[in-house]
Amino acid sequence: MHATAEETVQARLILSARRSARLRVTLTYRTDDPLAVRMAFPGEFSLDEPADPAGPEGGDIVWVFARRLLAGGLELPSGLGDVQVRPGPGRSALVELRAPEGTALVRFDAADLRRFLWRSSLLVPEGEEHLHLDADRALAQLLG
């Protein structure tokens, strides 16, 4: 049986130096995928200032990336690819997401991310992820 840690937190999508949008982001960690975390962003959201909703209509937009990247980025800039995490101003953390459609910069309260990572470590302690990997399932997914 697999366990899940899930937490919904408030974040801000940085639109410009003076504009941002409030977001509810759902963070998920699953023991059947012990190396990854998931961030689900709403397909639609409201801007602080009156404006049309941004983003595609429909379901959530989910980004999956390494739990280690998220944890490391709370202390020092981490990531070289599509996802980069770094400490932000004050007690915040910045997550930069890059896709062919563009780049998004999302600011989180670092305490929210630390709490989520702590909850994930109760399920699978850092460094013990290999004990939860299912190589047969992963190979079947790659081939099937």
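Here are a few friendly notes on strand β2 and its surroundings in this predicted model.

1. **Where β2 sits.** Strand β2 covers residues 20-30. Of its 11 residues, 8 are buried, so the strand is largely enclosed by the rest of the structure.

2. **Pairing with β1.** On one side, look at β1 (residues 4-14), which runs antiparallel to β2 and is joined to it by 11 bridges. A hairpin of 5 residues links the two strands. If you want a register marker, glutamine 10 stands opposite arginine 24 of β2.

3. **Pairing with β3.** β2 also pairs with β3 (residues 36-41), again antiparallel, through 3 bridges. Here too there is a hairpin, with 5 residues between the strands. The marker for this pairing is threonine 28, which stands opposite arginine 38 in β3.

4. **Threonine 28 up close.** This β2 residue has 12% relative accessibility; the cut-off for buried is under 20%, so threonine 28 counts as buried. Its side chain makes a polar contact of 3.2 Å with the side chain of glutamate 6. Setting aside residues up to four places away in sequence, threonine 28 touches Thr4, Ala5, Glu6, Val37, Arg38 and Phe116.

5. **The nonpolar core.** The largest nonpolar core has 29 residues, and Val25, Met39, Phe41, Leu70 and Phe108 touch the most other members. β2 gives the most to this core, with 5 residues.

6. **Leucine 70 as a viewpoint.** Beyond its neighbours within four places in sequence, leucine 70 contacts Val37, Met39, Phe65, Val85, Leu113, Phe116 and Leu117. Val37 and Phe116 also appear among the contacts of threonine 28.

Definitions and conventions: Residues numbered from 1 in each chain as written. Predicted model: local features only at pLDDT ≥ 70, side-chain atom pairs only at ≥ 80, totals over all residues. Heavy atoms only, no water. Helix = DSSP H or I, 4+ residues; strand = E, 2+ residues; numbered from the N terminus. Buried < 20%, exposed > 50% of the residue type's maximum accessible area, 1.4 Å probe, protein only. Polar contact = N/O pair within 3.5 Å; in protein donor to acceptor, adjacent residues only side chain to side chain. Contact = heavy atoms within 4.5 Å. Core = buried A, V, L, I, M, F, W, Y, C linked by side-chain atoms within 4.5 Å. Pairing = 2+ DSSP bridges.
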